[in-house]
Structure formats: C-alpha cells, structure tokens
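Student: I'm new to this one. Could you take me through a close look at the aromatic rings, and then show me how they sit in the rest of the chain?

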Amino acid sequence: MSFETFGDFLAMGKHGLFVWTAYGICLMVLAINVASPLLARWRYLQQEARRLRREKHS
C-alpha cells in the first residue's frame, strides 16, 4: 500500500483510528508484559532484604 502524504499514512484510508488504537493497545500490553516481572522481582528482593534484616536483628 502506497501513501502520497504522511497525513494519508496516518489516516490509513479512513481506518487510522482503528489501526493506531490497535497498535497502541498492543504496545501497552507488551510494555506490561515486560514491566510486570521486573516489578515483581524488585518487590521480591525488597521483601527478602527486609526479612533478612529482621532475622539478623532477632
């Protein structure tokens, strides 16, 4: 598919809203899939550090 202008590219033949919304949702899901395990690991390490400090002072 060939577009004459950047505006035509963004409009995607009057389907631009659907297309760009779908891309946005896809990127959001991918970002969540990357961030979620990283945040879970960070929370786990923080929790273990707190547990080790408590055991050390007991």
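Tutor: Sure, let's begin with the ground rules and then go to the rings.

This is a predicted model, where local features need pLDDT of at least 70, side-chain atom pairs count only at pLDDT 80 or more, and totals for chains, interfaces and linings use all residues. Residues are numbered from 1 along each chain as its sequence is written, and side-chain values use heavy atoms, with hydrogens and water left out.

A pair of aromatic rings is described by the distance of the centres and the angle of the planes. Here, rings of Phe, Tyr and Trp (its six-membered ring) pair if their centres lie within 6.5 Å; planes under 30 degrees apart count as stacked, over 60 as edge-to-face and the rest as tilted. That rule gives four aromatic pairs. One of them joins Phe 9 and Trp 20, edge-to-face, with 5.6 Å from centre to centre and 70° between the planes. Phe 9 belongs to helix α1 (residues 6-11) and Trp 20 to helix α2 (residues 16-57), so this pair ties together parts that are eleven residues apart in sequence. (Helices are DSSP runs of H or I with at least four residues, strands are runs of E with at least two, and both are numbered from the N terminus.)

Trp 20 also pairs with Tyr 23: the ring centres are 5.5 Å apart and the planes meet at 35°, so that pair is tilted. Both Trp 20 and Tyr 23 sit in helix α2, three residues apart, or about one turn of the helix. Put Phe 3, Phe 6, Phe 9, Trp 20 and Tyr 23 together and you have one aromatic cluster.

How covered are these rings? Buried means under 20% relative accessible area, exposed over 50%, and partly exposed in between, with a 1.4 Å probe and protein chains only. Phe 9 is partly exposed at 31%, and Trp 20 is partly exposed too, at 34%. Across the 58 residues of the protein chain, buried ones make up 3%.

Now zoom out. The protein chain has two helices and zero strands. Its radius of gyration, taken over C-alpha atoms, is 23 Å, well over the 10 Å from the globule rule for 58 residues, so the chain is more spread out than a compact globule. That rule is 2.2 Å times the number of residues to the power 0.38. Along its principal axes, the C-alpha trace spans about 70 × 15 × 15 Å. For a sense of scale, Gln 46, in helix α2, is 33 residues from Gly 13 in sequence and 50 Å from Gly 13 in space, C-alpha to C-alpha.
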